[in-house]
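Could you take me through this structure step by step? I have it open in my viewer and would like to know what to select next and what I will find there.

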Amino acid sequence: MTASRAGTASPAAKSGDPAITRDTLPPAFARWFADQGWAPHPHQLALLAERDDTLLIAPTGGGKTLAGFLPSLVDLQAPEPGLHTLYVSPLKALANDIARNLARPVADLGLDIRIEDRTGDTSATRRARQRVDPPHVLLTTPESLALMLSYEEAPRIFATLRRVVIDEIHALAESKRGDQLMLGLARLRSLAPGLQVAGLSATVEDPAALARFMGGARVIEAPPGPAPDIAMLPTSAPAPWAGGGGHYAAADVMEAIRGARLTLVFINTRAQAELFFQALWAINDENLPIGLHHGSLSREARAKAEAAMASGALRALVCTGSLDLGIDWGDVDLVIQIGAPHNVKRLVQRIGRANHRYDSPSRARMVPANRFEVVECVAALQAVAENDLDGTPRADAPLDVLCQHILLTACVGPFDADALYSEVRRAGPYAALSRADFDACLDFCATGGYALRAYDRWQRLLLREGRWQLRDPRAARMIRMNIGTITDPETMKVRRRGNRVPLGEIEESFAASLTPGDTFLIGGQTVRYEGLREMVVEVTPQPARQPKIAVFNGIKMATSVQLSARVQALLGDPAQWDALPAEVREWLDLQRRISVLPEPGTLTCETFLRAGRAYFCIYGFAGRNAHQTLALLVTRRMEEAGLGPLGFVATDYAVLIWSLDPVADPAPLLAAENLRAGFDDWLAENAVMKRSFRAVAQVAGLLQRNLPGQRKSGKQATFSSDILYDTLRRFDPGHLLLRITRDAARHGLVDFDRIEAMVSDRPRLVHARAPHVTPLAAPLLLEAGRIPIRGLGEDRLIEAEAARMMAEAGLYFGDGAPDMGA
Amino acid sequence: MSGFPFRFAGQAFTARPSGALWWGAEAALVVADLHLGKAERMARRGGALLPPYEVQATLERLGAELAATGARRLIALGDSFDDDAARDGVAAALEGVFAGVEVLWVGGNHDPGTAGAEAMLHGIALRHIAAEGPDISGHYHPKLRIAGRRVPVFLIGGGHLILPAFGTYTGGLDTDAPVLRNLIPEGLAVLTGRTARPIPLGSRRRA
């Protein structure tokens with residue numbers, strides 16, 4: 001497909017444009033390929049010949065990166081001074097890796113060019129030099145690009161730019177980083193008319209949508225390569241009823257590792273990765289080199305694992321999504337997925353990690369962690385076989401990212417609002433942006449956008465002679481310091497007492513729950529919590545001790561819409577059960593006899609009594625996040641109805657609620673209009689909403705994450721975002737940032753859109769009154785992560801901890817007031 | 001009177017869940033670090049444009065506390081205003097809240113003009129920054145990490161009674177910070193929030 005970019009004249013080729021001579025591979029390059037014993041892939045040549053912007057879709061091992069750089073290297077046979085090619089990747093490490101990989105062809109071909117990377121790790125002197133004298137090829141990340149674009153000299157630096165290569169664009173498109181990058185790209189197109197953009201992507205379900213995201217591009221699809229060899233890993237014991245760790249299969253996984261050259265073991269959470277890594281080492285009699293890699297480990301620890309893997313020193317690596325993106329990891333010949341894959345597309349991309357050679361099939365094995373997950377794994381296998389990839393349509397372009405972009409634009413110098421608006425609309429995600437929304441963002445940047453026009457004297461941006469500019473040019477420094485759209489939860493470094501090298505990071509909320517003496521796992525070792533020291537968690541090693549706690553990262557991905565539908569179709573239709581193992585068939589058969597099956601097209605609920613509690617189970621198949629929201633909405637109504645809800649547990653497939661009194665009729669609880677009415681009230685005071693608001697406020701520049709000197713003083717210089725949220729809600733409920741937060745709640749952690757879809761797509765409500773706990777509901781009773789009904793939940797936590805500490809200290813206060821002396 | 005009652009330097013006090021201190025013998029409400037006008041000062045300096053409702057929110061809470069306690073006196077322990085410009089800006093709003101209440105301003109490092117001013121009542125010094133005890137002070141905005149949150153707290157012990165910040169937009173200093181450890185090696189922290197709840201300080205700091 002070719003999509004023209006709205007609003008731009010077609011770029012005229014400048015005279016002497018080297019691109020004109022790129023129809024075929026020049027002889028020197030043809031020789032170079034021959035010397036390597038390679039033949040160029042057809043898609044590499046197609047990209048070389050293409051004049052338009054391109055989106056290359058190729059599986060791992062398809063020579064994507066070389067395809068992306070080949071046109072640049074051909075152009076640069078006769079280099080002119082100045083920046084020619086900008087390469088953007090989601091990972092700093094990838095930028096380093098590419099620099100190394102390009103060095104060889106550049107040397108072999110005798111090209112006289114400079115290739116440099118520029119990331120958050122690049123030294124200040126080098127960055128300063130790059131601003132004065134940019135290299136021919138610059139390798140960077142979206143955040144570093146945004147920073148460079150905010151410099152006053154940006155127009156000069158980028159004027160010579162001919163090509164932009166965006167690596168792993170499918171991954172960038174999944175987050176706000178992608179939106180920010182597309183805004184940056186629109187700016188680059190203004191600074192360097194005639195720019196050619198190449199996006200490089202792994203297999204995706206909707207290439208045309210990704211091309212639109214780029215602002216329009218011709219899609220080139222490489223042949224997909226042979227079908228993967230993917231199956232369930234045979235295990236000696238059946239999957240347990242509940243849980244998520246997959247430990248029952250440790251010995252079977254060990255056996256598989258033994259039979260392969262290099263195995264990647266993917267597992268869904270960091271805590272599970274730590275525990276599974278331990279479980280493997282506990283039975284690793286041959287001392288096979290098995291490593292660990294996840295996002296909570298220190299950079300040093302991760303780099304070590306990566307290097308060991310690249311050099312062939314490892315036989316297996318236990319990892320999380322931290323390895324989902326594309327550094328060339330050497331000769332992986334087996335991928336094992338522990339736990340439900342949640343998402344078929346991601347599974348396919350992970351499978352692609354096995355065997356980087358293009359022409360041989362990837363080998364992958366799946367290990368469901370519990371019986372529900374057996375069904376999900378089988379459903380996923382069927383989806384892979386049918387090449388039915390799931391995808392969530394992109395949400396509307398996020399306005400908080402636009403706010404940040406406007407502020408960064410002001411850092412460059414005065415700008416014209418009309419020109420900026422038309423430039424922004426050239427970014428794919430913002431093609432449909434209304435002028436009203438743009439103006440609201442501009443107003444937020446200029447005045448704060450409050451109903452009370454309090455800052456007219458102190459506006460951040462001023463309109464002078466028709467152009468917007470910073471009132472106080474010194475503000476530019478603060479704005480630049482807070483670039484970026486990644487708003488991870490606050491983390492704290494962990495290090496061994498008396499040792500400066502950090503072991504890794506844990507979430508602050510987890511750190512706060514520790515008391516001295518608690519043990520937890522990090523980096524594969526059990527450590528004892530000693531205390532906090534200058535914002536660092538100090539620990540001592542506790543070899544050979546079972547950790548008390550191993551939970552330090554909570555966010556889990558929800559199962560995709562398509563895969564959930566497949567799971568329900570499989571589970572609710574006995575005609576398809578042949579695909580399932582015998583013990584799962586028996587389980588479902590028992591369910592059919594005692595209660596009902598959640599048939600496709602129905603929203604099935606069960607109620608039953610057990611041990612003096614009334615249980616209400618909703619088989620929503622809407623994913624974990626939506627289920628959690630559903631449970632909060634339903635229990636709220638149950639509270640109003642006086643049913644005395646006590647708690648709930650939410651999984652990807654169902655919600656189980658327990659209460660003092662039974663639910664007689666679920667219909668009103670699950671009626672769309674009632675859920676919607678509850679949603680608006682609930683949204684306002686919910687902790688998940690506050691978390692979303694915090695991210696929005698940080699990206700939009702209301703809350704500053706980084707302030708000069710903050711680390712040193714130890715004084716928390718920012719205020720609680722909860723207070724800003726409450727203040728805004730109370731005094732200015734129509735404010736732009738609240739609107740952005742509400743819009744964001746329809747996806748992601750709150751995921752209300754899926755609840756709406758659940759109710760509207762499955763209009764037939766089935767309510768079964770079961771005599772006792774049912775086979776399908778039983779595993780839910782065993783699930784971890786039970787949530788007490790909110791309201792006082794958080795307060796209760798504090799009360800319990802305070803009471804325990806008082807008791808420990810031997811302090812009890814009755815009615816008499818304690819005398820604290822003087 | 002809701003809150004946590006205790007005795008300090010021979011006097012009876014109540015730590016209120018709001019972060020204000022009730023001093024019965026003086027019929028006085030004591031607050032620290034109102035930081036009125038902070039949002040405007042940040043805006044003036046080219047920083048973030050915070051919701052401009054902070055003065056209103058702080059004064060509403062203060063007014064509610066004065067009404068609930070029936071206080072005849074208000075003692076503000078410094079950093080009441082972020083600077084002169086802020087004081088001018090909120091003067092009118094103050095009139096309404098403080099009608100009929102005698103106000104004692106203690107000087108803080110942000111307060112123009114009154115810096116360093118102290119007072120002495122019943123042998124207890126009222127000052128902005130803790131010095132020689134027994135004294136009641138503010139300045140540090142102490143916050144305690146508990147159950148995954150940072151909660152503003154009163155700190156009591158070692159001859160010092162340190163109040164949390166009452167202002168709406170205020171950051172805070174961890175109770176683990178060396179300066180606070182030195183001032184109060186052992187004692188109590190009283191959490192603010194829904195209820196004023198005491199917890200011992202020493203045990204958390206054994207490390």
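Here is a short tour, moving from a sheet and a helix pair in chain A to the fold of chain B. Keep in mind as you look around that this is a predicted model.

**Stop 1: a sheet in chain A**

Begin by selecting the strands β8 to β13 of chain A. Together they make an open sheet of 6 strands, and reading across it gives the order β8-β13-β12-β9-β11-β10, with parallel pairing. Now colour residues 229-232 (β8) and 290-293 (β10) of chain A: these strands are at the edges with a single partner strand each, so one side of each has no neighbour in the sheet. From one strand to its neighbour, the sheet turns by 20° on average, ignoring direction.

Next, zoom in on β10(A) and on β11 of chain A, residues 316-319. The two pair in the parallel sense over 4 bridges. One spot to find is Ile290(A), whose bridge partner in β11(A) is Ala316(A).

Then add residues 344-351 of chain A, helix α14, which packs on the sheet. Helix α14 of chain A touches β8, β9, β12 and β13 of chain A, and its direction makes about 150° with that of β12(A).

**Stop 2: two helices in chain A**

Select residues 42-49 (α2) and 64-75 (α3) of chain A. These helices pack at an angle of about 45°, and their axes are 8 Å apart. That angle makes α2(A) oblique to α3(A). The crossing of the pair is right-handed.

Which residues meet here? From α2(A) come His43(A), Gln44(A), Leu47(A) and Leu48(A); from α3(A) come Leu66(A), Ala67(A), Leu70(A), Pro71(A) and Val74(A). This contact counts 7 nonpolar residues, 2 polar and no charged.

**Stop 3: chain B**

Show chain B by itself. Its secondary structure comes to 5 helices and 15 strands, and its C-alpha atoms fill a box of roughly 45 × 35 × 30 Å along the principal axes. The radius of gyration of chain B is 16 Å, which agrees with the value near 17 Å for a compact globule of 207 residues.

Now pick out β1 to β6 of chain B. These 6 strands form an open sheet in the order β1-β2-β3-β4-β5-β6, and the pairing is mixed. At the edges are β1 (4-8) and β6 (102-105) of chain B, each with a single partner strand. Neighbouring strands of this sheet are turned by 25° against each other on average, direction ignored.

For a last close-up, select residues 21-23 (β3) and 28-31 (β4) of chain B, which run antiparallel and are joined by 3 bridges. Here Trp22(B) has Leu29(B) as its bridge partner in β4(B). Finally, add residues 54-69, helix α2 of chain B: this helix packs on the sheet and touches β3, β4 and β5 of chain B.

Technical notes: Residues are numbered from 1 along each chain as its sequence is written. Chains are lettered from A and ligands numbered from 1 in the order in which they are written. This is a predicted model: local features need pLDDT of at least 70, side-chain atom pairs count only at pLDDT 80 or more; totals for chains, interfaces and linings use all residues. Two strands pair if DSSP finds at least two bridges between them. Axes are lines fitted to C-alpha atoms, for helices over the stretch in contact, and angles run from 0 to 180 degrees between N-to-C directions. Two residues are in contact if their C-beta atoms, placed from the backbone, lie within 7 Å. Angles under 35 degrees count as roughly parallel, over 145 as roughly antiparallel, 65 to 115 as roughly perpendicular and the rest as oblique. A crossing is left-handed if the near helix is turned anticlockwise from the far one by less than a right angle, and right-handed if clockwise. Ala, Val, Leu, Ile, Met, Phe, Trp, Tyr, Cys and Pro count as nonpolar, Asp, Glu, Lys and Arg as charged, and the others, Gly among them, as polar. The radius of gyration is taken over C-alpha atoms; the globule rule is 2.2 Å times the number of residues to the power 0.38.
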